[in-house]
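Here's a structure to get to know, one piece at a time. Have a look at it first, then read on.

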Amino acid sequence: MYGVELDPVSGQIAKQLYQKNRIAVQGFEETSYPDSFFDCVIGNVPFGAYQVSDRKYDRYHFMIHDYFIAKSLDLVRPGGVVAVVTSSGTMDKQNPEVRQYFANRADLLGAIRLPNNAFQRNANTSVVADILFFQKRDRAAITEPDWVQLKTTPEGYTVNSYFADHPEMVLGDFTTESTQYGKQEVTVKAKEGADLAEQLKEAVKHIQGTITEQEISDTELEEQVVSIPADPNIKNFSFALVGEDIYYRENSVMNKMELPVVTGERVRGMVAIRDATNRLLERQLDECSDEEVASLQAELNRVYDSFTAKYGLLSSNANKRAFSMDSSYCLLTSLEFLDEKGELKQKADIFTKRTIRRAEPVTSVDTASEALAVSIGEKAKVDIPYMMELTGKTEEEVTEELTGVIFKNPLTDKWEPSDEYLSGNVREKLNVARQFAENHPEYMVNVQALERVQPKDLDASEIEARLGATWISPDYITEFMAETFHTPRHHINYERIKVQYAEVTGQWNVKGKNVDSSNNPLSTATYGTQRANAYRLLEDALNLRDTKIYDTIHDADGEHRVLNRKETTLAQQKQELIREEFKEWIFKEMSRRETLCKIYNERFNSVRPREYDGSHIQFVGMNPEIKLMEHQKNAVAHILYGNNTLLAHCVGAGKTFQMIAAGMESKRLGLAQKSLYVVPNHLLEQWGSDFLRLYPGANILVATKKDFEPANRKRFCSRIATGDYDAVIIGHSQFEKIPLSRERQIALLEDQIADITFSIESAKTQVGEQYTVKQMEKTKKSLKAKLEKLNDQTRKDDVVTFEQLGVDRLFVDESHYYKNLFLYTKMRNVAGISQTDAQKSSDMFMKCRYMDEITGGKGITFATGTPVSNSMTELYTIMRYLQYDTLMNMGMGHFDSWAATFGETVTAIELSPEGYNLVGR
C-alpha cells in the first residue's frame with residue numbers, strides 16, 4: 001500500500017502507524033508513480049479554486065480537486081477503481097469539460113452527495129461534498145453518459161443529472177443559501193433527526209461494480225503463474241530482475257517468466273544494457289558533470305561490448321525474439337547504426353556524446369517582440385498574459401508595441417500573429433473586419449492590413465472557362481446554347497429545351513435534346529451530325545465525355561455494337577468546335593464577363609498562402625547532436641500551426657524527422673495528447689530506432705506482428721488507449737485492423753442516404769427530372785446494401801475501435817499506398833482517370849473524416865515522395881483526405897466538378913502495339 005500526505009506532522013505519524021507501507025510526505029503533484037500501477041486509489045482530495053503546476057496536466061487548467069481525480073485515474077490500471085471525496089463543484093459546475101474528460105477515461109459507478117454539515121464537527125466548515133466512485137476503462141468512450149450534463153429537479157434546482165435521476169443518493173434536501181458574495185447557491189440541508197452513518201450505509205448499497213482481475217492470456221493459463229506486486233521503478237510492460245528470477249511487469253503486477261536458459265541469459269544481458277542506457281539519459285537530464293557522463297558511458301560500452309561479443313547485435317533476430325516484449329526494445333536498437341548488409345556500422349552518439357539536455361525556461365525578456373517569439377515557441381499561440389509576465393508590461397503596452405505584428409480576430413476575440421491572420425481566405429476575413437469596424441473602430445487596423453494583402457483580381461484573359469465547370473451557372477449554358485444553335489425562342493421560354501445540373505450526382509443534362517433536331521441545320525450539320533445532334537454533343541461535353549457513335553450489326557454470333565470510327569471522328573470534331581465557340585462566347589458580353597470574373601475570384605482566388613517560420617521552435621528533448629535544416633523546421637511549424645498537411649518532399653529530404661519532431665512538439669505544447677504514426681510494415685523497427693535517435697528520452701510504443709494476432713489485439717489496443725505515450729507506431733496493415741465503430745459507419749451511411757432521399761424528393765417535384773432521379777436511386781440502393789451488411793453482423797467481436805484509442809494526431813508515412821480511393825466520374829475511357837478502389841483507402845478516408853471532426857481539420861499529416869505516381873485523380877484523392885471540407889465549400893464534392901475547373905480532356909492520336917488510336921487524356 002502507498003500513501004501520500006502533504007502535512008509533515010500527519011505524514012510522519014502515518015509512517016509510524018503503517019511502517020510496512022510506503023508513505024510519501026510531499027504534494028501529490030510531485031509524486032512520480034507510474035501510470036496504470038495501482039488497483040485502487042482512495043482519497044479525500046483538497047478543495048479550492050486554484051490550480052497546481054504539473055506539466056502533464058497544465059493544458060487542461062484543472063482546479064486542484066479535479067486535478068487529483070484526473071491523476072488518480074491515470075494511476076490505476078484498467079478495471080481499477082478510484083473512490084474520492086471531492087467538492088460538489090466537480091459534478092455541478094456549468095462547464096462540462098472536466099466531466100467529459102473523466103467520462104472518456106472511466107465509468108461512474110455511483111455518487112453520494114453529503115449534506116452541508118458533514119464536515120462541520122472535524123473541519124469546522126459548511127460545504128457540500130460528493131463521494132465519487134469511478135472505474136477506469138480500457139479504452140476511450142464513444143458515447144457521452146448522462147452524468148456529464150446538468151439537469152433540473154422537479155423542485156427547480158439545477159444539479160448534476162445523476163443526482164436529479166437518483167434522489168436516494170442525496171443525503172438531505174436540496175435548498176438554496178446566500179453565499180458571501182450575495183449569490184444564491186444550491187446546497188443540501190441535512191434531514192432532521194437523520195443519522196448520517198446509517199444514511200451512508202444505505203446509499204452505498206446502491207453502488208454496483210466489480211473489480212476485474214488482471215487478464216491472463218491463454219499461454220499463461222497453461223502453467224501456474226507466479227505474480228508479485230509491481231515495482232513502481234520498473235517501466236510498464238518491461239522485464240525486471242528480482243534476485244536471479246526474471247519477471248515481466250504488466251500494470252499493477254509482475255509475472256515470473258519461465259524462459260529457456262539461453263533466452264534468459266539474453267534477457268538479463270539486455271536488461272543490463274537497458275538500465276545502463278536509462279541511467280545515462282536520466283543523469284544527462286539532471287545536468288550532471290562531464291566526468292560522470294563519461295563514467296556512465298564507459299559502463300554502457302562495457303555491458304554492450306560484453307553482450308554483443310557473446311550474443312551478437314541487439315537487432316539480431318534471436319535477440320529480437322527474446323526481448324521484443326519489452327517496451328524499451330526500440331531504445332536498444334537505436335544504439336546501433338547498421339550498414340546495408342545489416343552489420344554494425346558504428347555505435348550511436350550516446351556512447352561518446354551528450355544526447356539530451358534539459359531545457360532552460362525563459363523567465364524574462366526585454367521587448368514585446370521577444371515575448372511574442374517565446375509565446376509562440378512555448379504556447380503555440382499569442383498568449384498575452386504570459387507575455388505580460390515575461391516583459392513586466394501591461395496588456396495595452398504589449399499590444400501597442402506589437403501593432404501590425406499581431407491582430408485580434410473579431411470572430412474569436414483572440415490575438416493571432418500576422419502570418420496567421422493575414423493568410424487563408426483573406427477576402428472573407430476582410431468582409432468580416434469591415435462589418436466589425438463599423439461599430440468598433442479598433443478593427444480598422446485589421447481592415448487596412450487585409451486590404452494590403454488582397455490577391456490581385458484575375459481578369460477574363462487569365463481565367464480558363466470550360467464547358468462543364470460547375471462555377472458557371474446552367475442559365476449561362478442555356479443562353480449560349482440558344483444563341484449558338486439558334487434554338488427557337490418558344491422552346492427556351494417554355495423550358496422545353498433547357499440545361500440542368502444536379503449537384504448531388506454532379507450530372508449535367510440537356511432537357512429536350514431531340515425537340516429541335518429535325519428542322520435546324522445548325523444542330524445537325526454545323527455543330528452536330530445526323531447521328532449526334534449538337535444538343536447531345538453539348539451534353540457530353542458538359543459531362544466531360546467524348547461522344548462515340550456505335551453501329552449495331554447482326555451475324556451468326558448474334559447482335560453486336562461496333563464503334564463507327566468515321567462518325568465518331570466527325571462527332572468529336574463538332575464537339576471540339578462547340579467547346580471553342582463557348583470559349584469565344586463566354587466573356588464576350590461585358591456584364592456577363594464582370595459577373596463571372598467576380599464569381600471566379602471570390603471562389604478560387606481568395607486564399608493567401610501562409611508562410612511558416614519554424615526558427616523559434618525549441619525542440620525540447622531533441623538530441624543536440626542532430627540539427628534540423630531550415631525547410632524541416634518550417635515544415636514542423638506548418639504541421640503545428642496549420643491545417644492538415646502534405647509533406648511531399650523528395651526522397652531523402654528528412655520527412656521522417658519532420659513528423660517525429662512535429663509529434664513531440666504538439667504533445668509538449670498541448671496541441672495533441674496522443675500521436676499515431678502509420679508506417680509501412682517493414683519500416684516499423686527502423687521508425688522506432690529513428691524516433692529514439694532524435695528524441696532519446698521519448699516514451700514510444702511500437703507494434704509488432706504478434707500484437708495484432710486475434711488473441712493479443714484487444715490487449716495491445718488497450719495499451720494504446722490507456723498509456724501516456726509520446727507516440728504509437730503501427731504498420732499499414734495493422735492500422736486497417738482497427739475499425740471505426742459500427743455506429744459511426746452506420747451514421748455516415750445513413751447521413752448519405754438521408755441527403756440523397758431528400759434530393760430525390762426535390763427532383764420529383766420538378767418536371768423532366770427523371771434522369772436525376774434514376775441516377776440517385778441507383779446510388780441510394782448501393783448505400784443501403786452497405787448499411788444492411790453492417791447491421792447484419794452475425795459475428796460481433798468486442799473489438800477496440802479507432803475512436804476508443806484516444807488518438808488526436810495522425811501521421812501517415814508513404815501515403816501514396818492509399819491512392820486508390822473510389823470516385824465516381826462520368827468520363828469514359830479517359831487515360832489517367834483511375835476508378836479502382838481499395839478497402840484500405842476507404843478505411844483511411846473514413847478515419848480521416850473522424851479526425852477532421854475531432855480536430856477541426858488540423859490533425860492529419862501525410863508524407864510521400866510520390867504524391868502523383870500514375871494518374872491525376874491522385875491529386876483529387878489527396879484533397880479528399882486532407883481538404884474535404886474545402887472541396888465541399890468550393891462546390892467540388894464530385895471529381896468531375898474539380899476536373900472541369902482545373903483540368904481539360906484532350907483527345908489525340910497515339911501509337912500503341914495495335915497501331916494508331918484516338919486516346920483521351
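What follows is a short tour, from the overall picture down to single residues.

This is a predicted model, where local features need pLDDT of at least 70, side-chain atom pairs count only at pLDDT 80 or more, and totals for chains, interfaces and linings use all residues. Residues are numbered from 1 along each chain as its sequence is written, and side-chain values use heavy atoms, with hydrogens and water left out.

**The whole protein**

The protein has 35 helices and 32 strands; helices (H or I, at least four residues) and strands (E, at least two) are DSSP runs, numbered from the N terminus. Its C-alpha atoms fill a box of roughly 110 × 80 × 65 Å along the principal axes. Of the 921 residues, 48% count as buried. Here, buried means under 20% relative accessible area, exposed means over 50%, and partly exposed is in between (1.4 Å probe, protein chains only). Take the contacts (heavy atoms within 4.5 Å) between residues at least 6 apart in sequence: 65% of them join residues at least 24 apart.

**A buried strand**

Strand β26 (residues 675-679) is a good place to start. All of it is out of sight: 5 of the 5 residues are buried, so the strand is largely enclosed by the rest of the structure. In a regular strand the side chains alternate between the two faces of the sheet. In β26, S675, Y677 and V679 point one way, while L676 and V678 point the other.

Which strands does β26 pair with? Pairing means that DSSP finds at least two bridges between two strands. One partner is β29 (residues 809-813), which runs parallel to β26 and is joined to it by 4 bridges. Another is β28 (residues 727-731), also parallel and also joined by 4 bridges. Across these pairings, Y677 stands opposite F811 in β29, and V678 stands opposite I730 in β28.

**A hairpin**

For an antiparallel pair, go to β17 (residues 406-409) and β18 (residues 414-417), which share 4 bridges. N409 faces K414 in β18. The hairpin has 4 residues between its strands, and D413 takes a positive phi near 60°.

**Two loop residues with positive phi**

Neither residue in this table is a glycine, and both have a positive phi.

| Residue | Phi | Loop | Relative accessible area |
|---|---|---|---|
| E287 | near 55° | between α9 (261-285) and α10 | 38%, partly exposed |
| L544 | near 60° | between α22 (534-542) and β22 (550-555) | 11%, buried |

**The largest cavity**

L544 turns up again in the lining of a cavity. Rolling a probe the size of a water molecule over the atoms shows where empty space is left. On a 1 Å grid over the protein atoms alone, a cavity is a set of points where a 1.4 Å probe fits but cannot get out, and lining residues have an atom within 4 Å of a point. Grid points are joined across faces, edges and corners, and a volume is the space filled by probe spheres set on the points.

How many cavities of 30 Å³ or more does a search of the whole structure find? There are 5. The largest holds about 120 Å³ of space. It is lined by 11 residues, and R466, L467, L544, R579 and E904 lie nearest its centre. By class, the lining has 5 nonpolar, 2 polar and 4 charged residues. Ala, Val, Leu, Ile, Met, Phe, Trp, Tyr, Cys and Pro count as nonpolar, Asp, Glu, Lys and Arg as charged, and the others, Gly among them, as polar.

**Three residues up close**

R466 is also one of the contacts of T901, leaving aside neighbours within four places in sequence; the others are A469, T470, W471, F604 and M892. T901 is found in helix α35 (residues 895-902) and is buried, at 5% relative accessible area. Its side chain reaches the backbone oxygen of S897 at 2.9 Å.

L740 lies in the loop between α29 (732-736) and α30 (742-764). Is L740 buried or exposed? At 4% relative accessibility, L740 counts as buried. L740 and M846 are 106 residues apart in sequence but 7.9 Å apart in space, C-alpha to C-alpha. Beyond four places in sequence, the contacts of L740 include M846, K847 and Y850.

Finally, S315 is in the loop between α10 (290-311) and α11 (317-323). Not counting residues up to four places away, S315 touches Y329, T333, E336 and L338. The side chains of S315 and E336 are joined by a polar contact of 3.2 Å. A polar contact is a pair of N or O atoms within 3.5 Å; within protein, one must be able to donate a hydrogen and the other to accept it, and residues adjacent in sequence count only if both atoms are side-chain atoms.

Key: On a 1 Å grid over the protein atoms alone, a cavity is a set of points where a 1.4 Å probe fits but cannot get out, and a pocket is an open set with protein on both sides within 12 Å along at least five of seven lines; lining residues have an atom within 4 Å of a point.
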